[in-house]
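Thanks for sharing this one with me. Below are a few notes to read alongside the model.

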Number of protein chains: 2
Amino acid sequence: MPISSSYLTASETIALAAKDELSILQLARDHIARFEQRDPAVRAWEHYDRERILKEAARLDSLPKEKRGPLFGATLGVKDVMNTLDMPTTYGSKAYQGHRPGSDAPLVHVLRNAGVLILGKTVTTEFASTMDNVPTLNPYDASRTPGGSSSGSGAAVRDFQCQLALGTQTGGSMVRPASFNGIFCIKPTWNSISRDGIKVSSLILDTPGLYARSLTDLQLLLKVLNVHDDVPPPMLPKPLSDCRFAYVKTVVWDSEGQPSREVERAWAKSRQLLEEAGAHVEDLDLGQDFENIVNGRHADIMSWDAGLNFYNEYEDPVNRRHLAQMLVEKVEARSAISQKQYLHALDSIPALRPRFDAIAEQYDAIVTPSVPGEAPQGTKTGTHIFNAMWTVLHVPCVNVPGFAGENGMPVGLTLVGPRFHDERLLTVSRSVAHVWLHADATELRPLPVPEGVKMLQI
Amino acid sequence: MPISSSYLTASETIALAAKDELSILQLARDHIARFEQRDPAVRAWEHYDRERILKEAARLDSLPKEKRGPLFGATLGVKDVMNTLDMPTTYGSKAYQGHRPGSDAPLVHVLRNAGVLILGKTVTTEFASTMDNVPTLNPYDASRTPGGSSSGSGAAVRDFQCQLALGTQTGGSMVRPASFNGIFCIKPTWNSISRDGIKVSSLILDTPGLYARSLTDLQLLLKVLNVHDDVPPPMLPKPLSDCRFAYVKTVVWDSEGQPSREVERAWAKSRQLLEEAGAHVEDLDLGQDFENIVNGRHADIMSWDAGLNFYNEYEDPVNRRHLAQMLVEKVEARSAISQKQYLHALDSIPALRPRFDAIAEQYDAIVTPSVPGEAPQGTKTGTHIFNAMWTVLHVPCVNVPGFAGENGMPVGLTLVGPRFHDERLLTVSRSVAHVWLHADATELRPLPVPEGVKMLQI
């Protein structure tokens, strides 16, 4: 019996489907089997309907060859803050149980039309805006969080329950689950993908993003979503010996207790590996203006905007009973941040964006921590302290895994590029992943998968 | 028999309902009667279901007094780009006929919870992003456009078919219909009202707004929506003799054929009226930096963003057949605007926002044209040439009607204030409306309403 298709990457199963060596029905059955085996241990899905999946698989299989899109043969999990045509969309809120928006968010619509098999909706924290209370467990260790708010997407991709998944980031909700689950993600340039049909927490911060176990899969997804650089990067990546990297600790690094020893170790080891490959690596201090973003402005915007966008839930006496205390407080605290202060935060950041782009253009990538450490124990989904600056700067971020912490949990690092250089950043990430990817493989906890299954592919 | 409640303002009928002198059922019946009489001539509604309205009215009437919200006794039309719980939402697109999103956009949710009676969905141009092909006719003259994209909302409020209505503006889609239909509107500060659940055309431009025949009604709506200045304006407005106004023509004024003689006349007459009331009025030239906004940057952003947000419609072979040729072209033209050029537009504007705020704070209001002239004949909804700058600056705008053109059609002017001074701007608008409001009343075409009906109230 051949290996289950759920252990392959999207690019691999797409190739098999193109050769008629894999039907979508088989792809569906393989993934459903993995779900049935692992769901009790991971609980990544808010909505998973086997009958709907099999029906959708049959529809895809019945398409004439010329109508099969570029994602025909791939599977997708959709974060449950994104509207979907044929499934409920709850936004992680008890007030929206069974809610059916009746259409796909444009992002989902494009992917569905490209032939992807949507398996279900993945668990999110409430409105992607709280930091607790998700049922999802880390596939490596059920006592630990998979991170959030894109909890289910990160865990499901890691656990081979889907090949691709969608998430969103307002603070650190794409990169954190990628690091905690040891997978790739790209948070592309803000406004490079339509955010229509996705629950709003903050217009200026919310950024949809993509998870996969393969960088090739992420490159394919960007292409399908029409995200491309003005100047396409060369097909053949330049050798690392021609590459320049800046290591940026940010002001967060020196804050008390940040980062953990495991991140310090990954920091040093990752740099050593790049230098051994001949890359030029230097430390970079972005300076006070950028550090102010971390110190308050991102927080002011995120908090004020949540207070604005959840005001309706607060004003509805029924929904309010379901609203997390943290969001009740954001609505009530909004008047504590004056609009003058809010505008100051909003207005002071845009000038930094082209300044950062100009800095980042001098390097092949900027390297920075994804998280302060391994996925912590318990249900709190972790901090966005290392991610906030990049979210507010609207720049593309790729999490590259490869390192292990003291407890055998994955630790990733973030590569950052200038805005609208997403393709270039993924190309550089491939080169970097070649030297980082299995750096600490023997130190990682085992996952329940058959021998020979590749955990990650470049 | 008393006058139909459809001819009263929301504030008036709310007061009657509070004294139990008007039931919501009667309010509903009065409005339905007006609809039945006038719909063939105006065609403002995309969805209007008498049974649903009467059922909703009965529900509201059955509420115990302590659960009646601040809009109990008022009627509302909702632009059909906003999601609604109990009605279809078509976004003005044939691809979304019968689409039911199953929840209210937060803006609608807050108003519904405040007790407003939602009468139906008003006609919009396709995705609020085209400039033609609406069935709605101008209530003053069926050969003329009511403007767009908020075509139905502007016409229905003018025609006494609802008291309040919601719209959106990406170019000039709030202010233009207000001027063409001779009513008040406020396009509040960007991001002062949640835009979640509203179809996206451009994240950074789209701004939800409010229509009414009374400034008191607009003040009430802002209060219910929790839009307030940091420092509330004084209860008693200052006399016009203490007020300073800047008249800003913008570079558009001198463009060929802009504006018409009727706007030039309104411009001179409005100024004369303010000066006669003792106000200080001066001309103001905002200079080259601001004019660049009009000359291309707003257009670049609006066009690029539409190409981004309607890409899914373009990629879907079924939906694409319904997509306006103009939007097909935007999707295809997106790659013609480089991302570098797009970022230049996006990055060069934010620094102007606090600069404009500082200028606007020196005046009680800035006065500027709403439109180049009267509502034109035919089905084209008109140009946003005078509105684009204020949209991209995110500043609050109020259309104050009062003037008439050569053909007896309404002509309004726009008052502009600094961001998050929406309350102050409405207060100043009251003072201004006192001297402008019926300046040209005798020159306006008559509307089919009973004698004694007040067309507008301050």
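1. B:R419 pairs with A:D347 in a salt bridge, with 2.6 Å between the closest N and O atoms. Please keep in mind that this is a predicted model. In total, four salt bridges are counted between chain B and chain A.

2. On the contact between the chains: 52 residues of chain B touch 52 residues of chain A. Together the two chains bury about 4,400 Å², and carbon and sulfur atoms account for 53% of that area. On the chain B side, B:N191, B:L203 and B:Q339 lose the most area to chain A; together they make up 14% of what that side buries.

3. You may also like to look at the cavities. The search over the whole structure turns up nine of 30 Å³ or more. The largest has a volume of about 310 Å³, and 29 residues line it. Closest to its centre are A:N83, A:D196, A:G197, B:N83 and B:G197. By class, its lining comprises 14 nonpolar, seven polar and eight charged residues.

4. The second largest cavity holds about 220 Å³ of space. Its lining consists of 19 residues, with A:I204, A:P350, A:R353, B:I204 and B:R353 nearest the centre. Of the lining residues, 11 are nonpolar, two polar and six charged.

5. Which elements supply the lining of the second largest cavity? Helix α13 (339–348) of chain A and α13 (339–348) of chain B each give at least two residues. Within chain A, domain 1 (5–240 + 376–443) and domain 2 (288–348) each contribute at least three residues to this lining.

Key: Residues are numbered from 1 along each chain as its sequence is written. Chains are lettered from A and ligands numbered from 1 in the order in which they are written. This is a predicted model: local features need pLDDT of at least 70, side-chain atom pairs count only at pLDDT 80 or more; totals for chains, interfaces and linings use all residues. Side-chain values use heavy atoms; hydrogens and water are left out. On a 1 Å grid over the protein atoms alone, a cavity is a set of points where a 1.4 Å probe fits but cannot get out, and a pocket is an open set with protein on both sides within 12 Å along at least five of seven lines; lining residues have an atom within 4 Å of a point. Grid points are joined across faces, edges and corners, and a volume is the space filled by probe spheres set on the points. Ala, Val, Leu, Ile, Met, Phe, Trp, Tyr, Cys and Pro count as nonpolar, Asp, Glu, Lys and Arg as charged, and the others, Gly among them, as polar. Helices (H or I, at least four residues) and strands (E, at least two) are DSSP runs, numbered from the N terminus. Domain bounds come from an automatic or database domain assignment. Contact means heavy atoms within 4.5 Å. Buried area is the accessible area (1.4 Å probe) that two parts lose on being put together, summed over both. A salt bridge is a side-chain nitrogen of Lys or Arg within 4 Å of a carboxyl oxygen of Asp or Glu.
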